[in-house]
Amino acid sequence: MPTDHRLEHVVVVGGGVAGTRAAETLREEGYDGELTLVGDERHAPYHRPPLSKKLLTGKVHRAGVDLAPQFDFDAHVRRGASALALDMSSRTVQLRDEDQDLSLRFDGLVIASGAVPRAWPGDPVPDGVMLLRTVEDCLAIRERLGSRPRVVVVGGGFIGAEVAASCRSIGLDVVLIEKAAAPLLAALGEELAPRWAELHQEHGVDVRVGVGVDGFVGNGHVEAIRLTDGSQVPADLVIVGLGVTPATDWLDGSGLRIDDGVVCDATGTAEGATDVVAAGDVARWWHPLYERHLRVEHWDHAGRQGAAAARTLLAGREHAQPYTEVPYFWSDQYDVKLQMLGVPTGYDTMEIIEGDPATWEFVAAYGRGGCTIAVLGTVTGRVYAYRDAIEKRAEFPPAPPA
């Protein structure tokens with residue numbers, strides 16, 4: 001990348017897909033200075049989507065989720081190291097690596113520290129109440145599945161819904177509990193989310209909606225959970241999926257603007273800093289198409305955003321290009337593959353534009369202010385045909401492409 005913006009010491013905080021793609025892109029685009037990659041997990045980077053699906057059920061082995069390098073990059077890699085603080089005055093990142101506290105100097109910084117799962121609020125939980133975020137979490141849960149436990153999944157977001165589907169697919173008794181009126185309500189909207197509740201029910205999951213968890217029953221190990229409606233559900237294993245929060249504690253006092261993540265402009269440059277970019281689950285970028293800040297917690301987006309952030313760092317903010325890619329994600333539940341192109345947040349209308357939801361082969365479009373903002377499909381790959389409609393803010397509803 002031609003630029004007169006000279007960097008000599010770049011630090012990437014985050015060893016997941018966003019940080020890895022940022023590091024690869026730096027080298028691919030010609031950066032030849034010092035490069036340090038800091039990751040709090042001891043593993044090489046791996047694919048997270050299979051953790052709630054094929055790795056959890058044993059359809060793939062541990063080695064099958066490792067992330068294949070797209071570009072060989074020369075870097076000092078510190079795995080199992082945690083970022084403790086960012087000092088913009090000295091332009092250093094404070095780390096704890098093993099039992100040592102270290103200070104890394106930088107003149108370019110990529111923040112890709114990801115997100116952490118929300119822990120259960122309140123009192124300590126008994127054994128058998130578990131979270132799923134890392135590969136260790138997945139393998140620990142998978143080991144317990146071998147004893148054929150009664151499984152309760154708390155939280156009907158994508159992780160919770162996928163875990164419920166995975167556990168049911170191997171024949172376990174599963175109860176899915178969601179405080180909202182349907183699983184995936186925040187992601188899909190009130191028109192379509194109930195269809196996914198029906199999908200789980202058709203596959204034998206006991207779906208409880210509009211109810212929360214009041215506490216756990218058990219002496220040392222969980223035996224049941226108490227619900228806010230006064231009922232009690234037997235459980236040998238409880239998997240909690242209450243969403244995640246961006247990992248920004250280490251940025252307290254740094255001067256960066258933190259508001260549900262690191263707030264960035266459309267190029268990925270962090271507000272309140274120079275030569276600092278952010279990407280992935282931790283980042284809230286301004287999206288020109290949606291005219292709002294978006295923090296997207298999906299795999300495909302994190303990788304693309306990591307690469308874009310690296311290009312911004314190399315070019316410098318004044319010469320960088322805004323990142324305008326339309327977010328995409330998918331979710332596999334049973335034999336249904338949900339794909340979403342775009343962001344339906346704030347939609348004011350939804351319409352089925354192809355097929356029939358009753359057959360599980362359909363395409364739905366979301367609109368706001370008369371424009372198309374997102375398309376959901378269960379026909380593999382069909383949503384891509386509507387990319388132009390979303391990018392060009394086509395009149396709603398969009399006409400099905402030929």
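These legends walk you through four close-up views of a predicted model. Local features need pLDDT of at least 70, side-chain atom pairs count only at pLDDT 80 or more, and totals for chains, interfaces and linings use all residues. Residues are numbered from 1 along each chain as its sequence is written, and side-chain values use heavy atoms, leaving out hydrogens and water.

**View 1. An open sheet of five strands, paired in parallel.** The strand order is 3-2-1-7-19. Strands (E, at least two residues) and helices (H or I, at least four) are DSSP runs, numbered from the N terminus. Two strands pair if DSSP finds at least two bridges between them. At the edges, strand 3 (76-79) and strand 19 (276-278) each pair on one side only.

**View 2. Strand 2 (residues 34-39) beside strand 3.** These two pair in the parallel sense over four bridges. Look for Thr-36, which stands opposite His-76 in strand 3.

**View 3. Helices on the sheet.** Helix 1 (residues 17-28) touches strand 1 (9-13), strand 2 and strand 7 (108-111); contact means heavy atoms within 4.5 Å. Helix 7 (residues 299-315) lies across strand 1, strand 7 and strand 19.

**View 4. Helix 1 meets helix 7 at an angle of about 40°.** Their axes are 7 Å apart. Axes are lines fitted to C-alpha atoms, for helices over the stretch in contact, and angles run from 0 to 180 degrees between N-to-C directions. The two helices are therefore oblique to each other, a word for angles outside the roughly parallel (under 35 degrees), roughly antiparallel (over 145) and roughly perpendicular (65 to 115) ranges. Among the contact residues are Ala-18 of helix 1 and Gly-303 of helix 7.
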